[in-house]
Amino acid sequence: MAFRIVKINSRCKLETRLNYLVCMKDAETKILLDEISILIVESQQVCVTTALISELLNHHIRVIFCDSKHNPSGEIQPYAGSKDSYKKIKKQIEWSQEIKDKVWKGIVQQKIHNQAGLLRKRGKDSSFLDTYEQEVQEGDKENREGLAAKVYFPMLFGPAFDRRDFSCEENVYLDYGYSIILSAVNREIAALGYLPQFGIHHIGESNPFNFGCDLMEPLRPFVDAKALEPDFKKEEFNSQMLDVLSTMVRCGERKMLLDNAIHGFVCSAINAINEERPELLLNVTFADEHL
């Protein structure tokens with residue numbers, strides 16, 4: 001599996017040659033395309049050839065472009081990730097509301113479970129979240145996800161913290177990290193031949209990644225944990241947040257890198273829906289959590 005995250009943050013030209021990404025600046029640098037999982041173009045002074053873009057899509061490499069403030073503004077992905085995409089998309093559109101609600105329940109429970117786990121790791125009381133996790137209904141009809149967030153974020157970042165405050169620097173770090181997770185989830189969805197636009201809970205008409213937003217929810221606390229690490233440096237948050245995909249987590253009964261766990265989790269979620277067996281949804285939790 002590809003393992004390199006490549007970030008381009010200065011003026012250069014990017015092209016492809018003999019299955020390599022070639023970066024031409026003061027000196028020429030080559031990276032084998034098969035080794036790349038993500039390409040982040042952070043500088044707006046980068047020239048990218050169309051031939052390279054085509055090869056990046058063929059290799060299912062996530063390509064993220066940043067705005068003038070170095071925040072992710074968009075990504076490119078292939079139209080189809082597998083030969084039977086039509087069959088899979090047709091089935092995706094026909095997913096019943098009943099099974100979507102059951103799987104969404106499991107997703108929300110995992111998210112709250114991981115939020116509670118992070119609070120415990122930080123020496124905080126998780127009792128409210130533990131209760132909310134048990135109270136989640138199919139489709140989360142009573143919005144236990146929202147209630148948990150109202151308890152979780154102030155306990156984690158302080159009573160004055162507000163996720164809606166876009167001027168708050170912590171929110172800048174978190175949003176950057178969340179965008180990296182979302183991109184990773186979107187790649188897996190597309191590679192499996194499904195539409196990231198068609199979600200099971202998120203239904204935003206202007207959101208091209210509704211399904212990705214659904215499946216990334218249990219993974220957000222790993223970004224929160226990264227932002228709270230003792231050696232986290234505000235001036236280097238872009239590069240440090242990239243490391244979140246290298247976080248060691250527990251996926252089911254195995255420990256692995258988060259980037260690998262995302263593949264397993266997305267596959268399990270889609271299988272759970274297709275087979276109408278919500279118990280197939282894998283649990284992705286902190287690596288030091290006891291089974």
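At 12% relative accessibility, C213 counts as buried, because the cut-off for burial is under 20% relative accessible area. This cysteine makes a friendly starting point for a walk through the structure, which is a predicted model. C213 takes part in no disulfide, and the nearest cysteine sulfur, that of C66, is 18 Å away.

What of disulfides in the rest of the structure? A disulfide is a covalent bond between the sulfur atoms of two cysteines. A search of the whole structure finds zero of them. C47 is likewise in no disulfide, with the nearest cysteine sulfur, that of C12, lying 8.8 Å away. A pair of cysteine sulfur atoms would have to be within 2.5 Å to count as a disulfide. With a relative accessibility of 41%, C47 is classed as partly exposed. Another cysteine, C168, sits in the loop between helix 5 and helix 6. Its relative accessible area is 14%, so C168 is buried. From C168 to M241 there are 73 residues along the sequence, and the two C-alpha atoms are 17 Å apart in space.

The helices come next. Two packed helices are described by the angle between their axes and the distance between the axes. Three pairs are taken in turn here.

Helix 4, which spans residues 127–135, packs with helix 5, residues 144–157, at an angle of about 175°. The axes of helix 4 and helix 5 are 10 Å apart. Because angles over 145 degrees count as roughly antiparallel, helix 4 and helix 5 are roughly antiparallel to each other. On the side of helix 4, the contact is made by F128, L129, Y132 and E135. Helix 5 contributes R144, L147, A148, V151 and Y152. Sorted by class, the contact of helix 4 with helix 5 has seven nonpolar residues and two charged residues, with no polar ones.

The loop between helix 4 and helix 5 also deserves a look. Most residues other than glycine have a negative phi, and most peptide bonds are trans. D140, which is not a glycine, has a positive phi of about 50°. N143, also not a glycine, has a positive phi of about 55°. D140 is placed in the loop between helix 4 and helix 5, and N143 lies in the loop between helix 4 and helix 5 as well. Is each of these residues buried, partly exposed or exposed? D140 has a relative accessibility of 8% and therefore counts as buried, whereas N143, at 43%, counts as partly exposed.

Helix 5 has a second partner in helix 3, residues 97–121. Helix 3 and helix 5 pack at an angle of about 15°, and their axes are 11 Å apart. That angle makes helix 3 roughly parallel to helix 5, because angles under 35 degrees fall in that class. The crossing of helix 3 and helix 5 is left-handed. In helix 3, the residues W104, V108, K111, I112, Q115, L118 and L119 take part in the contact. They meet R144, E145, A148, Y152, M155 and L156 in helix 5. Nine of the residues in the contact of helix 3 with helix 5 are nonpolar, one is polar and three are charged.

The third pair is formed by helix 6, residues 169–191, and helix 10, residues 258–274. Their axes come within 9 Å and cross at roughly 45°. Helix 6 and helix 10 are therefore oblique to each other. Their crossing is right-handed. From helix 6, the residues I181, A184, V185, R187, E188 and I189 meet L258, D259, I262, H263 and V266 of helix 10. Seven nonpolar residues, one polar residue and three charged residues make up the contact of helix 6 with helix 10.

Helix 6 is also home to S183. How accessible is S183, and what does S183 touch? At 0% relative accessibility, S183 counts as buried. Leaving aside residues up to four places away in sequence, S183 touches R62, I64 and E75.

The last stop is F237, in helix 9, which covers residues 237–242. F237 counts as buried, with a relative accessibility of 11%. F237 and Y176 are 61 residues apart along the chain, and their C-alpha atoms are separated by 8.5 Å.

Notes
Residues are numbered from 1 along each chain as its sequence is written. This is a predicted model: local features need pLDDT of at least 70, side-chain atom pairs count only at pLDDT 80 or more; totals for chains, interfaces and linings use all residues. Side-chain values use heavy atoms; hydrogens and water are left out. Axes are lines fitted to C-alpha atoms, for helices over the stretch in contact, and angles run from 0 to 180 degrees between N-to-C directions. Helices (H or I, at least four residues) and strands (E, at least two) are DSSP runs, numbered from the N terminus. Angles under 35 degrees count as roughly parallel, over 145 as roughly antiparallel, 65 to 115 as roughly perpendicular and the rest as oblique. A crossing is left-handed if the near helix is turned anticlockwise from the far one by less than a right angle, and right-handed if clockwise. Contact means heavy atoms within 4.5 Å. Ala, Val, Leu, Ile, Met, Phe, Trp, Tyr, Cys and Pro count as nonpolar, Asp, Glu, Lys and Arg as charged, and the others, Gly among them, as polar. Buried means under 20% relative accessible area, exposed over 50%, partly exposed in between (1.4 Å probe, protein chains only).
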